[in-house]
Structure formats: C-alpha cells, structure tokens
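Reader: I'd like to go through the charged side chains here. Can we take it as a quick chat?

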Amino acid sequence: MSEKIDYVTTLTPEIIEKAEKELSEDDHLRTQSVLALREWAKKQPHLQAMPLDAKFLLRYLRGCKYSLEKVKKKLDMTLTLRTALPEYFSDWDPMTPENQLILSMGGILPLPGYDHLGRKVLLHRPGVNDPAKCRFEDVQRVGFMVSEILGDEDEQMFIAGMVILVDMTDFSMGHITGTPMAAMKKLMPCWEEASPIRPKSMNYIHTSTLFNFINNLISSLMKEKMRQRVHFHGDMESLYKEVPKSVLPIEYGGDNMSLDEITGYWKKKCEDRRDFLIAQCKIKSDESKRPGRPKTSDELFGIEGSFRKLNVD
C-alpha cells in the first residue's frame, strides 16, 4: 500500500520514544494498521458512521497495543453502546440547562498537565452534584462529553495512560439512592469493553463508612485487573506518592490551577466545541444492518430486550 494517512504528531520526543519502546510503534506500523482498519470498517454495514481519520483510530490502536482484533472489538462495542445507551450518548449540546448546570459544578475535571510519568490525571468529585437537581444519567453524560473532548485533543494520554482521582467529599446517602444499579451496570462495559484506555490506577480520598457500601457494589461489577488498580488513601501524603503535587489543584495542596479555574476552563471548552460534541451523537451502530442479528440488552448488560428500536436518523 502506498497510501498515506492523515497524521501529524503532537507528541514530545520523550513520548514518541515511549511509544516506540512500549508499543513498537513506527511510521510503518502506524500507517499499515490505520489502513487495515479502514478497509475492515468499509466492510461493516452497521458501522458506517464510524470515523476513519487517523487520530480517532490511533486512540484504539495505541490503547490496544496495536492488536487489530482487540481494536475491532472495541470499535464495534463503542458504536454499539452509543446506540444502546441514548441516556449517555445523546443530547450532547453543552448549552442545555441540564448540561450547563453539571458543567458548572466541575464534577469531572481533567487536570492541566501530566504527572511525573506523563500520565493524564482525571479528577472525579461525585459529591458536588446535588442528587435532588441532577439525575445520575445526566451527570454521566456530561462526563462522557468531557472525556470525548479530552480524547480528541490529548494524544499523549493513549500512550502514557491515565490516572483517576476520586474525591468522595460530600458524598451522601442521597447520591446512593439516586444511583440506579441498572444504570451503573450499563456503565461498566463503556469503560471496560469499549474505552480504548483503562486507568493505570484509581485513587480514592475522603472516603467514609457510607462509601464502603457503594464501593462494594462497584467492585462487584469490576473486572479483577481493574480492582487491583484501586487505592484508598487515608491522608494526602499517601496520595502524593501516587499523584504528585505538581498536577493537583491548589485545594489539594498542589501546584496546579484552582478548582474554580479548572471548572471554568472545561465549561468553556465544552461550549467552544459545541458543534463537535453534537456531531459525536451520530457516531453509533445501525443495528438494523448488523450481519446476523442485532445486539440485545441482555447480551450487553444482562437486561432483557433488544434496542434495535433505538436507532434514529
């Protein structure tokens, strides 16, 4: 194949070297893998809405260490879940009142910069969302919106990885009762089977006895490999060993921007990329055209019913 791909790197020399060492990535492997995926995608009648640009495909290639079969499964699952779960993957207009409210609370915040290992740190603060005003599904939807922009703009994350920091401050019984278990169960395949990237570690701070209840439920839905990456920190010094001060907000004893500044940054970022976010809602499978039979909710989540009817133009 003599065809070229539409790729211009944004990576530093250090991260390029990391990709070469850990993923065996070079120009030839990158080009041939992208072209092979494009040829495969053209033959999938139910995946014709899938983006074929190199930047999008490289997220999955790098996240799957260039295993084409793993990439194909994840790409198929990504579009399948976007059809199956309209409560998470539709209504991505950041200007709607529901989305504006949640964005202004700053519950999901990718932190500026990277940690000492070049990893992106994502701060999750579930306690800031008022369960009386914000539905669980709406909060998760905004989280996916922020993550989509991050994935589109941060190439390094898919090579160096991501770390999640969960601050359980103000997490209450109201948050637990406002979290439908069926909705939680539907979230797990989004992260474990569809996402091109898995956290290198999940770090919890400011936990309470109440949190142990919900954690047991979440852990039961996690795969063993992910459970082994979960850490609980009793104090900030413990946290700093995993997530350095340099990347943490001021409120966490760090050297980064304040929470208000980071919240404002991501709210404006979503607003500025409104057209991009709305366009992402069209990236989904057409189950009426899937070879064989359409995927069912029972197959995906252990819930009865087919979602063929959820396809909309």
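What follows is a short run of questions and answers on charges and salt bridges.

Author: This is a predicted model, where local features need pLDDT of at least 70, side-chain atom pairs count only at pLDDT 80 or more, and totals for chains, interfaces and linings use all residues. Residues are numbered from 1 along each chain as its sequence is written, and side-chain values use heavy atoms, with hydrogens and water left out.

Reader: How many salt bridges does a search of the whole structure find?

Author: A salt bridge here is a side-chain nitrogen of Lys or Arg within 4 Å of a carboxyl oxygen of Asp or Glu. Searching the whole structure on that basis gives 27.

Reader: R62 and E155 form a salt bridge; how far apart are the closest N and O atoms?

Author: R62 is buried (under 20% relative accessible area, 1.4 Å probe, protein chains only; exposed is over 50%, partly exposed in between), with a value of 4%. E155 is buried too, at 13%. Their closest N and O atoms are apart by 2.8 Å.

Reader: Which residues are linked with R62 and E155 in a network of salt bridges?

Author: R62 sits in helix α3 (residues 54-63), and E155 in the loop between α7 (136-153) and α8 (157-160). Helices are DSSP runs (H or I, at least four residues), numbered from the N terminus. The others in their network are E25, D27 and R30.

Reader: D272 pairs with K268 in a salt bridge; is D272 buried or exposed?

Author: Both residues lie in helix α14 (residues 259-272), 4 residues apart, about one turn of the helix. K268 is partly exposed at 48% relative accessibility. At 54%, D272 counts as exposed.

Terms used
Helices (H or I, at least four residues) and strands (E, at least two) are DSSP runs, numbered from the N terminus.
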